[in-house]
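Trainee: I'm new to this one and would like a close look at a single part of it. Could you start with one residue and then walk me outward from there?

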Amino acid sequence: MAKPVKKSEGDQPEIIYSMMRVSKIYNNKPVIKDISLSYYHGAKIGVLGLNGSGKSTVLRIMAGVDGDFNGEAVLSKGYTTGLLDQEPKLDETKTVREVVEEGAAEKVGWLKEYNEIAEQFADPDADMDALLARQGELQDRIDAADCWDLDAQLEQAMDALRCPDPDTKIGVLSGGERRRVALCRLLLQKPDILLLDEPTNHLDAETVAWLEKHLNEYTGTVIAITHDRYFLDNVAGWILELDRGEGIPWKGNYSSWLEQKSGRLAQEEKSDKRRQKTLERELEWIRMSPKGQHTKSKARISNFERLAGEEGREKEQELEIYIPRGHA
Amino acid sequence: MEGLSKAYDDKVLFENLSFAIPRGGILGVIGPNGAGKTTLIRMLTGNEQPDAGTIKVGETVKMATVDQLRQNLNPDKTVFEAVSGGYEQIELGGKLVNARAWLSRFGFTGDSQQKKVKELSGGQQNRLNLALTMKSESNLLFFDEPTNDLDVNTMRALEEAIESFAGSAVVVSHDRWFLDRLATHILAFEGDSRVEFFDGNYSQYEAYRQEVLGLKPFDPHRIKYRKLTR
């Protein structure tokens, strides 16, 4: 749900965040130029663009961690944002469990207080009425949040994201492990706008599939910088392309974005024809049945002699990147 | 590979593993971090020995590896120097090719060819690694997570390059789309020291895994190794 600014009309979904003429200059170079976009509640947005196109900057501005920009960026009242950075900063001295618990800090607090009250009943001088009243209050909250088994819930979340052992200190974790822990904490926090900077880097394919499903069912807005084309195709309802600091929203998933992009390149006189053909071939592949896709990749084994011969050489010329063959 | 086994300390990475890569085959290797994928690649490339089993390499096979990190790259060289050795033309597959044009295919245009290696971002380093390895004229390529930090355009172009490559490849990747477009076979590290070799692409393997192996979808769990001792 990225859209040029327009007043919401009729039964349009609610706007949860808006950017008006947002620009940022860093080291005398424009990082983002004059971006005006509104974001709908519940929209799933994939962000695409080359390195240095300003993707991370847009997310950091939305998360409120980068306030150094021109223009206006407004989070609608009563909503929260949460960001997964490329290199998340975590307290080195804490354990994995302690960091993950931060994602459910309020619930952890209720359960802790509830257990403390139970202990205070043993004290003969305690104000029983006050304790009982407070205990009842906490009980209602814990019931409503369905978190009596919070430990098991946290354990399940850590398991789903393949976090390291809960007692491991953050200080000894690899970059990929830290990202898993940070992602686990963020998903437990459930902010209204989830901002993810390359969430699938360093995750294995199975966890990526799990994350795709989780984000698809996420009730809030999801804005993800990602090159995971299954997420972009299956989950994203909008593609926000950043090109040299400018934001170009597209309503649709990856396939439909490819289609319009390829069509646009075909019309441009000076466009890179190799690039355009590459987009077309990817579209062709998407449109094949699973069986057709399989037959296509298998064909390289049965047709290997042809691939290694003159036909392969001709094909090389049409590619953006090619791998020279060895003298076998 | 026949009957490969490998253990570290008291962790069994794999046991009695056998598979073969056909000519032209592209093997996608998947599994959680630390399950033994990189160790297996190191064995296939002769950089590590199995505890048991044999690896047979065809006589005409010439291997090259795209590593995550290249230690032998001088950080003070420019991108252009690193790939061209300072010459305007480089030899690729028996043909002379303009080095700058070759670099531009990997997203290095104009000024960025003059950047020093140490100044590159993760994605740029990855692209430089690709440009370097692809010069090597091999017929069996190893890729260890080639798509991390790459943009979609470069990934798409790389897919087509591997697809049209007149050789075989082993690709460790977490990118399901990349694997679906490329892989003719899958080698999956499933935890508990269990490794599956499958004839098909990633999506087909996932379906097989659920139907035949009875493993639940969308239910990742932490990686466990079978202990050697109690």
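Mentor: Sure, let's start with A:Glu318. This residue counts as partly exposed, because its relative accessibility is 44%, and partly exposed covers what falls between under 20% (buried) and over 50% (exposed). Keep in mind as we go that the model is predicted.

Where does A:Glu318 sit? You'll find it in the segment after helix H13 (310–316) of chain A. If you skip its neighbours within four places in sequence, A:Glu318 is in contact with A:Arg274 and A:Arg281. For a sense of distance, take A:Leu37: it is 281 residues away from A:Glu318 along the chain, and their C-alpha atoms are separated by 37 Å.

Now hop to another spot in chain A, A:Thr200. Its relative accessible area is 12%, so A:Thr200 is buried, the cut-off being under 20%. A:Thr200 belongs to the loop between strand S7 (193–197) and helix H7 (205–217) of chain A. Again leaving out neighbours within four places in sequence, A:Thr200 is in contact with A:Val208, A:Leu211, A:Thr226, A:His227 and A:Asp228.

Let's step out to where the two chains meet. There, 70 residues of chain B are in contact with 68 residues of chain A. Together the chains bury about 6,300 Å², with 53% of that on carbon and sulfur atoms. Between chain B and chain A there are 11 salt bridges. One of them joins B:Glu159 to A:Arg229, with the closest N and O atoms 2.4 Å apart. Across the interface you also get 25 residue pairs in polar contact, both partners at pLDDT 80 or more.

Which elements of chain B supply at least two residues each to the side that touches chain A? They are strand S7 (95–98), helix H4 (122–133), helix H5 (152–163), helix H6 (176–182) and helix H7 (202–211) of chain B. H5(B) gives the most, with 12 residues. Sorted by kind, the residues on this side of chain B come to 25 nonpolar, 25 polar and 20 charged.

Last, how sure is the predictor? For the complex, it gives an ipTM of 0.82 and a pTM of 0.86. Chain B averages a pLDDT of 83, and 90% of its residues score at least 70. Among the elements of chain B, strand S3 (residues 26–30) has the highest mean pLDDT, 95, while strand S12 (residues 226–227) has the lowest, 54. Where pLDDT is low, the predicted coordinates should not be read in detail.

Definitions and conventions:
Residues are numbered from 1 along each chain as its sequence is written. Chains are lettered from A and ligands numbered from 1 in the order in which they are written. This is a predicted model: local features need pLDDT of at least 70, side-chain atom pairs count only at pLDDT 80 or more; totals for chains, interfaces and linings use all residues. Side-chain values use heavy atoms; hydrogens and water are left out. Contact means heavy atoms within 4.5 Å. Buried area is the accessible area (1.4 Å probe) that two parts lose on being put together, summed over both. A salt bridge is a side-chain nitrogen of Lys or Arg within 4 Å of a carboxyl oxygen of Asp or Glu. A polar contact is a pair of N or O atoms within 3.5 Å; within protein, one must be able to donate a hydrogen and the other to accept it, and residues adjacent in sequence count only if both atoms are side-chain atoms. Helices (H or I, at least four residues) and strands (E, at least two) are DSSP runs, numbered from the N terminus. Ala, Val, Leu, Ile, Met, Phe, Trp, Tyr, Cys and Pro count as nonpolar, Asp, Glu, Lys and Arg as charged, and the others, Gly among them, as polar. Buried means under 20% relative accessible area, exposed over 50%, partly exposed in between (1.4 Å probe, protein chains only). pLDDT is the predictor's confidence in each residue, from 0 to 100.
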